[in-house]
Amino acid sequence: MTERTPTSSGFFITREAPIDAANPVPTPSSPPPDILRVAYAELVVTDLAASREFYVDVLGLVVTEEDQDAVYLRTLEEFIHHNLVIRRGPVAALAALSYRVRTPEDLDRAEAFYIELGCRVERRASGFTKGIGDSVRVVDPLGFPYEFFHEVQHVERLTWRYDLYTPGALVRIDHFNQVTPDVPRAVAYMEDLGFRVTEDIQDEAGTTYAAWMRRKPTVHDTALTGGDGPRMHHVAFATHEKHNIIAICDKLGALRMSDVIERGPGRHGVSNAFYLYLRDPDGHRVEIYTQDYYTGDPDNPVVTWDVHDNQRRDWWGNPVVPSWYTDASLVLDLDGNPQPLTTRTDDSELEVTIGADGFSYTRKDDTEHGFKLGAQL
Ligand SMILES: [Fe+2]
């Protein structure tokens, strides 16, 4: 067990998160692909025009290319073809979470890695997704549609096009967030895939409620959130600064669209980022996120939060709305069929922190005055 060191901010740090999987996915003998970073998500939407209006007219993503069935969108600082595909379909769902790998040979590694795990694996030829070269698509051991690619069409990086910036400009894709029932099992598999834990939420009994895992040197490329899964919790895009997030809220108010704001704006405890959660016309959750911290050293301290710490998910102690815990998007298999859900059997973060049976504190051991709003929900 790695020693936990308390910090003056109220959480613990360790050298490596002590998360032990009781039911681990076997570790393949094949090496994992060298993943560079989160690249894009593909969402199936039921009303393409409504979704285009939300992502382009309201949030300001840049249209790289579009046709009758899909719109390929990118952030202002992106140089690859897209960071988000919205595709017309019968059921709102996640079709793919896609990562860029370092070399074309990493596609062979991905294929061998997942074949050894007994997963369904498909090679898809260049152009199967517009702008993307040869790729490997799998249904991973957690049931998620993962994609890996290297070759990609470059497009203009609009970083210097200040004439195109809006007050709420989205500049990068930052991360995915996946709902999965057994977080330790998911963490162990993702570590085999080459990811590292940067932060997690646990309780004193050792239950793990969520973990944040990275390839690029930020807090995460994806987070694993405990719940019935596989489901997609959200896709996150970054702004440069906090005021950009405030501007998005002001714009949504001006458009009489405040009802798409689900949670925030606020400051996370986990990741330290400023955040805002929105729901798109199909209910897919989008996070706007900015200003987390550098994590690239091999001995980056892992932060562990107590699930009862009322500042873990909102540093100002504001309550997490129940829909944020309960709602998430279906995910599809490689044929486009929704994946069945497995129920979480470990404790629920919502139930242990909200409502009559849950508790949380602002100052540990100050139970008389240490509560805020969580008890009212
Ligand atoms: Fe997030």
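In this predicted model, Arg263 lies over the face of Trp324, at 4.7 Å from the ring centre. A comparable arrangement turns up with Arg4, whose charged end sits over the ring of Phe12, 5.5 Å from its centre.

Rings also meet other rings here, and the count of aromatic pairs comes to 17. Take Tyr99 and Phe195: this pair is edge-to-face, with 5.6 Å from centre to centre and 75 degrees between the planes. The two partners come from distant parts of the chain, 96 residues apart. Tyr99 belongs to strand E7 (residues 93–101), while Phe195 is found in the loop between helix H3 (183–192) and strand E12 (196–202). Both Tyr99 and Phe195 are buried. Ring pairs carry on from there, linking Tyr99 and Phe195 into a cluster with Phe113, Tyr114, Tyr146, Phe148, Phe176 and Tyr189.

Several of those names come back in the largest nonpolar core, which has 63 residues. Its members that touch the most others are Tyr55, Tyr114, Tyr146, Phe148, Tyr189 and Leu193. A second, separate core has 15 residues, among them Tyr209, Val219, Val303 and Trp305. Back in the largest core, Phe148 shows who its neighbours are once residues within four places in sequence are set aside. Its contacts then include Pro33, Ile35, Tyr99, Val101, Leu107, Ala110 and Tyr114. Asp134, Ser135, Val136, Val138 and Leu193 are in contact with Phe148 too.

Next comes the metal. The iron ion has three protein donors, His175 (NE2), His234 (NE2) and Glu287 (OE), lying 2.0 to 2.1 Å from the ion. Along the chain, these donors follow the spacing H-x58-H-x52-E. His175 sits in strand E11 (residues 172–180) and Glu287 in strand E18 (residues 285–290), so this pair ties together parts that are 112 residues apart in sequence. How buried or exposed are the two? His175 is buried, its relative accessible area being 0%. Glu287 counts as buried as well, at 1% relative accessibility.

As for the strands, E6 (residues 84–88) pairs with E3 (residues 35–45) in the parallel sense, over 5 bridges. One of the residues involved is Val44, whose bridge partner in E6 is Arg87. Strand E6 is also joined to E5 (residues 70–74), this time antiparallel and through 4 bridges. There, Val71 has Ile86 of E6 as its bridge partner.

Methods:
Residues numbered from 1 in each chain as written. Predicted model: local features only at pLDDT ≥ 70, side-chain atom pairs only at ≥ 80, totals over all residues. Heavy atoms only, no water. Pairing = 2+ DSSP bridges. Helix = DSSP H or I, 4+ residues; strand = E, 2+ residues; numbered from the N terminus. Core = buried A, V, L, I, M, F, W, Y, C linked by side-chain atoms within 4.5 Å. Buried < 20%, exposed > 50% of the residue type's maximum accessible area, 1.4 Å probe, protein only. Contact = heavy atoms within 4.5 Å. Phe/Tyr/Trp six-rings, centres within 6.5 Å; stacked < 30°, edge-to-face > 60°. Lys NZ or Arg CZ within 6 Å of the ring centre and 35° of its normal. Donors = N, O, S within 2.8 Å, 3.2 Å for Na, K, Ca; no water.
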